[in-house]
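User: Hi, I'm new to this one and would like a slow walk through it. Could you put the sequence and the structure up so we can talk them over?

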Amino acid sequence: MVKNKLGISEFSVLEVLYQKGKQTIQQIGNCILISSGSMTYCLDKLEKKDY
C-alpha cells in the first residue's frame, strides 16, 4: 500500500513548481487548467501530506 499516493492534480502542481519555481496559486492553476476552488482543495491535500 502506498501511503502518500498523489493524484494527478497534486502531481501536476508539484511538477509546475519544480519546472518554474515560485508561482502564485493563480499561475499554477492556469498552467494545469484547474479552477481556483480545485486549486485550494489540491493545495490543502498537499499540505496535509507535508509537501
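Analyst: Let us begin with a cut-off that we will need for the cysteines: a disulfide is a pair of cysteine sulfur atoms within 2.5 Å. Please also keep in mind that this is a predicted model.

User: OK, so how far is the sulfur of C42 from the closest cysteine sulfur?

Analyst: The closest cysteine sulfur belongs to C31 and is 13 Å from the sulfur of C42, which is too far for a bond. Looking from the other side, C31 has its closest cysteine sulfur in C42, again at 13 Å and too far for a bond. By the 2.5 Å rule, therefore, no such pair qualifies, and the count comes to zero disulfides.

User: And C42, is that buried or exposed?

Analyst: C42 counts as buried, with a relative accessibility of 3%, while C31 is partly exposed, with a relative accessible area of 35%.

User: Let's step back. How many helices and strands are there in the protein chain?

Analyst: The protein chain has three helices and zero strands, and reading along the sequence gives the pattern α-α-α. The radius of gyration is 11 Å, close to the 10 Å that the globule rule gives for 51 residues, so the chain is as compact as a globular protein of that length.

User: What box do the C-alpha atoms fill?

Analyst: Taken along the principal axes, the C-alpha atoms fill a box of roughly 35 × 25 × 15 Å.

User: What share of the residues counts as buried, and what does the chain expose?

Analyst: Of the 51 residues, 20% count as buried. The chain exposes about 4,200 Å², and carbon and sulfur atoms supply 55% of that area.

User: How many positive and negative side chains are there?

Analyst: There are 7 positive and 5 negative side chains, and the centres of the two sets lie 3 Å apart.

User: Back to the fold. What share of the contacts with a separation of 6 or more comes from residues 24 or more positions apart?

Analyst: Those residues account for 51% of the contacts in the protein chain with a separation of 6 or more. One place to look at such pairings is E10, which is found in helix α1, residues 8-20. Leaving aside neighbours within four places in sequence, E10 is in contact with K5, C42, K45, L46 and K49.

User: Is E10 itself buried or exposed?

Analyst: E10 counts as buried, at 2% relative accessibility. Among its contacts is K45, a residue of helix α3 that is partly exposed, with a relative accessible area of 29%. The C-alpha atoms of K45 and G7 are separated by 9.7 Å, although these two residues are 38 residues apart along the chain.

User: Which residues does V16 contact, leaving aside its neighbours within four places?

Analyst: V16 is in contact with G21, Q23, I28, C31 and I32, so the cysteine C31 that we discussed earlier appears again here. V16 has its place in helix α1 and counts as buried, at 10% relative accessibility. Its C-alpha atom is separated by 9.4 Å from that of Q27, a residue 11 residues away along the chain.

User: Changing topic, where does L33 lie?

Analyst: L33 lies in the loop between α2, which covers 25-32, and α3, which covers 36-48. L33 has a positive phi of about 60° although it is not a glycine, and L33 is exposed, with a relative accessible area of 74%. For background, most residues other than glycine have a negative phi.

User: Which residues does I34 touch, not counting those up to four places away?

Analyst: I34 is also found in the loop between α2 and α3, and I34 touches S9, G29 and M39. The C-alpha atoms of I34 and S9 are separated by 8.3 Å, with the two residues 25 residues apart along the chain. At 23% relative accessibility, I34 counts as partly exposed.

User: One last residue, then. What is the phi of D50?

Analyst: Phi of D50 is near 65°, a positive value in a residue other than glycine. D50 lies in the segment after α3, and D50 is exposed, with a relative accessible area of 71%.

Note on methods:
Residues are numbered from 1 along each chain as its sequence is written. This is a predicted model: local features need pLDDT of at least 70, side-chain atom pairs count only at pLDDT 80 or more; totals for chains, interfaces and linings use all residues. Side-chain values use heavy atoms; hydrogens and water are left out. Helices (H or I, at least four residues) and strands (E, at least two) are DSSP runs, numbered from the N terminus. The radius of gyration is taken over C-alpha atoms; the globule rule is 2.2 Å times the number of residues to the power 0.38. Buried means under 20% relative accessible area, exposed over 50%, partly exposed in between (1.4 Å probe, protein chains only). Contact means heavy atoms within 4.5 Å. Accessible areas come from the Shrake-Rupley method with a 1.4 Å probe; for residues, only the protein chains shown count as cover. Lys and Arg count as positive and Asp and Glu as negative; His and the chain ends are not counted. The place of a charge is taken as NZ of Lys, CZ of Arg, CG of Asp or CD of Glu.
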